[in-house]
Amino acid sequence: MATLELDSITKTFQDGDEEIVAVDDVSLSIDDGEFLVVVGPSGCGKSTTLRMVAGLETITAGTLSIDNRVVNDVKSQDRDIAMVFQSYALYPHMSVRQNMSFGLEESTDLPDDEINQMVSETGEMLGISNLLDRKPSDLSGGQQQRVALGRAIVRDPEVFLMDEPLSNLDAKLRAEMRTELQRLQNDLGVTTVYVTHDQTEAMTMGDRIAILDGGELQQIATPLECYHEPANRFVASFLGEPSMNFFDVTLEGDRLVGDAFEYPIDEGVRADLGDATDLVLGIRPEAVELVDEDGDHEFETTVDVVEPMGDENTVYLHFDPDADPETAATLVATIDGFNRVSEGDTVTARIPEDAIHLFDRNTGEALHNRSMENAADQINL
Amino acid sequence: MSDGEIRTDGGTTSTTARLRRNLDQLTVEDVGLYVVLAFAAAFYLVPIESGLVTSFKTGIAIVETAPFAPPGPSGLTLEKWQTAIDALLRGMGNSLLYAVPATVISAFVGSITAYGLTIPTWKKSYKAVVLMLIIAGIFIPYQAVLVPLTQFWSQWAQLDQVLSFVWALGIDNDYVGIIELVITHVAYGIPICTLLFRTYYKTMSEEMIESARLDGATLRRVYRRIVLPLSGPMFAVVLIYQFTQIWNDLLFTLVIVSTESSPAAPVVLILAGLGSSLEGQDFALRMAGAFFAALPTLAVYIFFGEEFAEGVAA
């Protein structure tokens, strides 16, 4: 069990004469026993960051410490880290038992019978006791995944690293393993860094999530903070499915003027904006309401497409009924599944002022986020 | 199609019925294809068949019958095989004495070299230079090194003197040639072995190796416990290839051992002179000798055949 500290970690690759910055000045501090999820689109540097922690990539600049010990130049095998790979990376010529004992045999001086017992116990914990004598090629994907997990757990390392460990599983198994992994991590209390591109995994699994884009750390916070108080437009758009609605608007007095609508804002919101006038208005689909009344924050819209999801419907709304649906500003709203609307209907959509986000159009930085009290009401905290 | 359905259900149709239907469906193209295939098979098999039947013929039968025709009862003899085995047996022993160690050592060294050039992370530009030098070794023809090779063993590395204590034990000092052959063949075999193993290791899962490193294994242990056990199929390929190459090589044996009368003479050296005399060529004896000398390479193919196929596919 240990703390993990990344201080201004940078990684550059040399490609011919060009220097490619894969990870740019990332600082993270992970508490003992914490589950941190690192998330971002492909190529954002999340795997490279993890590989640097593992010692599989050299660190160009910055310091990496495990339990306050700088390990920049410590070899992988001496870092006391266990890693679960996306491909599982099992040793194909060894039985499950041998796969799981390998790490203990190589990194400790434990006698064989003790190793055997630890492997058996871990196997039991993961429900793979009956597979211990099989070869990896005789196992299903889910079973291999468990073995890979068991191989990491049995070593009882200081830090767990997981590189998209669930992405090769089918949807149902993935959901199951997600819960199980969380439970295991909770029971074992081992500091864990989990890399994924899947925002559902990020939202549901981690104590905190770190969002990376273009090698730079965008935000590190609890999942709900990242969701409701994104640091910038990238975070806001990356988390949430369907993704947040964005409209380019300009501040004129106390009104936000966009191509399709004008939106009045009150003093409090106005004060957050400072001198910025070129803005982006953001609103989450589930915050949009369909109502029967008129007002400043209510807009008449035409339903373009309805996607029924069962418990809820995703509706695509246009402000201008005559606009070309390909190019017109679209407002996506998530509404109750029993709320029957159909294509071509005219409905009134409310964009509640306490749920809007405002971003600086040039820097992408969040200037105003929705109020958390209200958000807390909505998610019944 | 009902026809196809019946055919897939083997239980309801007899073999003869199926055969008849297959014959009915035979087209001109099919017939042409089989004729060509039969011709090609015959074309490739006739030399071997001729050699084999010739080795059982008496001198008179060879003159009187066509090369590929079997000998009549009066022309049949096992005498030539007897003579060939008597003459070659000691050569076989000598050949095994250098072919087996040279094959095993070159395969093993090639595997380790390839491992060093693939798995560990060191500068790509250095790797490329080392690899280039090794690969260049493949393209040096045997003939080009004959003179330097002789000079090396006769002037620079006089093993004969270094090993004088061995000869004192009563072993003929001609056997120094065997040791020289082992070293020469290992040196000559390393490039191709390295190349073959490198190709194989390139396809190994990087994550698996990384996983082993994270599990606490050193580079040496990763080789010993992960890479080496997984190299089986490629070892089969390299062992077969190297063994055949070394067993059949005449040039180096001519230069290093030189005389067939030497007690250390390899089988190829004896075979070269077998059946030639002032009276002319004894074809039957030469054929019997050739077949007998080829038996070990054949055995190696059969022995490692399954792994060989797997290795070639990889």
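User: What makes A:K46, A:H197, A:I211, A:L212 and A:D213 count as being in contact with A:G40?

Analyst: Happy to start there, with the reminder that this is a predicted model. A contact requires two C-beta atoms, placed from the backbone, to lie within 7 Å. Setting aside its neighbours within four places in sequence, A:G40 is in contact with those five residues, A:K46, A:H197, A:I211, A:L212 and A:D213. A:G40 itself sits in the loop between β3 and α1 (46-54) of chain A. A:A210 lies 170 residues away from A:G40 in sequence, yet their C-alpha atoms are 8.4 Å apart.

User: Why is A:G40 counted as buried?

Analyst: A:G40 has 28 C-beta neighbours inside 10 Å. The cut-off for a buried residue is 20 or more, so A:G40 qualifies. Over chain A, buried residues make up 39% of the 381 residues.

User: How do you know that β3 and β9 of chain A pair, and in which sense do they run?

Analyst: Pairing needs at least two bridges found by DSSP. Strand β3 (residues 35-39) and strand β9 (residues 208-213) of chain A are joined by four, so they count as paired. The two strands run parallel. One bridge joins A:L36 to A:R208 in β9(A).

User: And what makes β9(A) and β10(A) a pair?

Analyst: Here the test is again at least two bridges, and β9(A) shares five with strand β10 (residues 216-221) of chain A, so this pair passes too. Its sense is antiparallel, and A:L212 has A:L217 as its bridge partner in β10(A). β9(A) and β10(A) form a hairpin with two residues between them. In the turn, A:G214 has a positive phi of about 55°.

User: What puts A:V193 among the residues with the most contacts inside the largest nonpolar core?

Analyst: That core has 161 residues, and A:V193 is listed with A:V38 and A:L161 as having the most contacts inside it. Not counting residues up to four places away in sequence, A:V193 touches A:L4, A:I30, A:L36, A:V38, A:L50, A:V53, A:V159 and A:L161. Chain B takes part as well: its helix α10 (residues 176-202) gives the most to the largest nonpolar core, with 11 residues.

User: Which residues of chain A carry the label "ABC transporter", and how do you know that?

Analyst: The label comes from an unreviewed UniProt entry, whose domain annotation covers residues 4-239 of chain A. Such annotations may be inferred rather than shown by experiment. Over residues 4-239, chain A is 36% helix and 28% strand, with the end C-alpha atoms 25 Å apart. Chain A as a whole has 10 helices and 21 strands.

User: Which elements make up the side of chain B that touches chain A?

Analyst: The contact takes 15 residues from chain B and 16 residues from chain A. On the chain B side, α11 (206-214) and α12 (219-227) each supply at least two residues. α11(B) gives the largest share, six residues. By class, the chain B side has six nonpolar, four polar and five charged residues.

User: How do you know where domain 1 and domain 2 of chain B are?

Analyst: The bounds come from an automatic or database domain assignment, with domain 1 at 2-75 and domain 2 at 79-313. Their centres, taken over C-alpha atoms, are separated by 38 Å. The contact between them takes six residues from domain 1 and eight residues from domain 2. On the domain 1 side, helix α3 (residues 28-55) gives the most, with four residues.

Definitions and conventions: Residues are numbered from 1 along each chain as its sequence is written. Chains are lettered from A and ligands numbered from 1 in the order in which they are written. This is a predicted model: local features need pLDDT of at least 70, side-chain atom pairs count only at pLDDT 80 or more; totals for chains, interfaces and linings use all residues. Ala, Val, Leu, Ile, Met, Phe, Trp, Tyr, Cys and Pro count as nonpolar, Asp, Glu, Lys and Arg as charged, and the others, Gly among them, as polar. A nonpolar core is a set of buried Ala, Val, Leu, Ile, Met, Phe, Trp, Tyr and Cys residues joined through C-beta atoms within 7 Å. A residue is buried if 20 or more other C-beta atoms lie within 10 Å of its own, exposed if 12 or fewer, and partly exposed in between; C-beta atoms are placed from the backbone.
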